[in-house]
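This report walks through the fold of one protein chain. Please have the sequence and the 3D view ready while reading.

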Amino acid sequence: MKVTYYSAVILAVLFLFSGCATWTDRENGSGTDGNSKEKAVTSQAVEKESDRDVVDEAVSFNRILDNYTPRKKEYNFYFTYKMVHPWWDAVAMGIEDAADRYAARGITINYEYLAPKTVSASDQKKRILKAAQEKYDVIGVDVAESSTISKVINEVMIDGQKVMTFSSSDIEEEDECGRIAYVGNTHNKEDGEALAKALCEKLNGKGKVGIIVGNEGAPCHEQRLAGAKSMIESYPDMEIVGIEYDYESSEKAYEITKKYIGENPDLAGMVCCNMVNPLGAVKAVQEAGLEGKVVIVGMDHDKQALRYLKEGQIYCLAVQDCYSIGFDTIQIAIKIADGLKPGDAYDELTQEKTTVIYQKDAKAMLYKLYGEE
């Protein structure tokens, strides 16, 4: 199997996960098929359930391949995503595991999995055009910026290249695109709404709130912003004091939060729309001595963020099932390569879960993802 990737990073991540006791659960034969409607669950506020049940439902490592029989013995895929980042390392685990399972059936999955160090629509465009010239069975794109990337996808598809989108961002509906299917988070707006609702309820519907977004123009980040903004605005006694982008920099998120605090000494909460900005927000709040006074909600499964959740520095995190995104991407890519259209064989939109977890869930999530007691 050929895999072009940052080998040291992914091997370290795989080693880490393989050391977790619950990792072996996925070898027990239980699992869901790649098009299961049961996993098409949007953001779930699960504060009242047991921590183990919540964590086991939030991230699934016990996936099995569906019953589709591939038509070829070897496939070549090209996947490009927004940027080199631990979030996509987790997606890569699902991709690698699905490829290994096909290998056990005698089917070889060769794939490239590449991204720039910082988000760039122009960089992504160049990667797609280059991959199209090399005639992969399928190109998969985690969309950096919708209007630019929709055009290049349409361009290469006219020339016969098969293209899907995957991971965190699909093409925006208004940017008409012929991409064949999407696997990933189809409910980013709802995720933003869920986080903002948890914050507003914690604050009893009153207070000043700052918002930090990731990359301007990235569909997933803009959709989360839209959801959070509309939810907060539905509370008449809530006020948004600022909306700024950190461009995936926790240090920038720290500076933004510090500014919000300086301009609003009575700041009550922060909505953090990506995986790194909760870290910067916590640092600024700690530095200002406002722990317990500024409520922070944010995204995903960063280890330090989960530690902050466990300690009560973060109120809740919306965790996406990155492993299943990667696993299902391979299953759908095979069907696209075989010429199948969305319909009975697979859905045009394969929805993956996001689960809102709270302090009581943090210990179990840290153990499941990182083997940390």
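In which strand is the place of Tyr358? Tyr358 lies in strand E14, which covers residues 354–358. The model is a predicted one, and the values below are computed from it. Tyr358 has a relative accessibility of 6% and counts as buried, because the cut-off for buried is under 20%. Its C-alpha atom is separated by 4.7 Å from that of Cys316, although the two residues are 42 apart along the chain.

**The chain as a whole**

The protein has 373 residues, and buried residues make up 57% of them. Its secondary structure comes to twelve helices and 14 strands. Among contacts with a separation of 6 or more, 80% are between residues 24 or more positions apart. The pair Tyr358 and Cys316, 42 residues apart along the chain, illustrates how C-alpha atoms from separate parts of the sequence can be 4.7 Å apart.

**Nonpolar cores**

In soluble globular proteins, nonpolar side chains tend to be buried together. In this model the largest nonpolar core holds 77 residues, and the members that touch the most others are Phe77, Ile109 and Tyr113. Another core, of 26 residues, lies apart from it. Tyr358 is one of the members of this other core, which also includes Leu195, Ile211 and Tyr315.

**Helix H9 and what surrounds it**

Is helix H9 largely enclosed or largely open? Helix H9 spans residues 277–287, and eight of its eleven residues are buried, so the helix is largely enclosed by the rest of the structure. The buried residues are Asn277, Pro278, Leu279, Gly280, Ala281, Val282, Ala284 and Val285. They are covered by several elements, including the strands E8 (207–213), E10 (267–272) and E11 (295–299) and the helices H8 (250–263) and H10. Just after H9, Gly289 takes a positive phi of about 70 degrees.

H8 is one of the elements that cover H9. The axes of H8 and H9 are 7 Å apart and the angle between them is about 45 degrees. The two helices are therefore oblique to each other, and H8 passes H9 in a right-handed crossing. From H8, the residues that meet H9 are Ser250, Glu251, Ala253, Tyr254, Thr257, Lys258 and Ile261, while H9 contributes Asn277, Leu279, Gly280, Ala281, Lys283, Ala284, Val285 and Glu287. Sorted by class, this contact has seven nonpolar, four polar and four charged residues.

**Helices H10 and H12**

H10 (residues 303–311) also packs with H12 (residues 359–370), where the axes come within 7 Å and cross at roughly 150 degrees. H10 and H12 are therefore roughly antiparallel to each other, and H10 passes H12 in a left-handed crossing. On the H10 side the contact is made by Lys303, Leu306, Arg307, Leu309, Lys310 and Glu311, and on the H12 side by Gln359, Ala362, Met365, Leu366, Leu369 and Tyr370. The classes here are seven nonpolar, one polar and four charged residues.

**Residues with a positive phi**

Most residues other than glycine have a negative phi. Two residues that are not glycine go the other way in this model. Phi is near 85 degrees in Ser167 and about 75 degrees in Asp300. Ser167 is found in strand E6 (residues 163–167), whereas Asp300 has its place in the loop between E11 and H10. Both E11 and H10 are among the elements that cover the buried residues of H9.

**A partly exposed residue**

Lys125 sits in helix H4 (residues 121–133). Its C-alpha atom is 9.9 Å from that of Glu145, and the two are 20 residues apart in sequence. Leaving aside residues up to four places away in sequence, Lys125 touches Ile149 and Val152.

How does Lys125 compare with the three buried residues discussed above? The table lists the relative accessible areas.

| Residue | Relative accessible area | Class |
|---|---|---|
| Ser167 | 0% | buried |
| Asp300 | 2% | buried |
| Tyr358 | 6% | buried |
| Lys125 | 37% | partly exposed |

Lys125, at 37%, is partly exposed because its value falls between the cut-offs of 20% and 50%.

How values were computed. Residues numbered from 1 in each chain as written. Heavy atoms only, no water. Axes fitted to C-alpha atoms, helices over the stretch in contact; angles between N-to-C directions. Helix = DSSP H or I, 4+ residues; strand = E, 2+ residues; numbered from the N terminus. Parallel < 35°, antiparallel > 145°, perpendicular 65-115°, else oblique. Left-handed = near helix turned anticlockwise from the far one by under 90°. Contact = heavy atoms within 4.5 Å. Nonpolar A, V, L, I, M, F, W, Y, C, P; charged D, E, K, R; others polar. Core = buried A, V, L, I, M, F, W, Y, C linked by side-chain atoms within 4.5 Å. Buried < 20%, exposed > 50% of the residue type's maximum accessible area, 1.4 Å probe, protein only.
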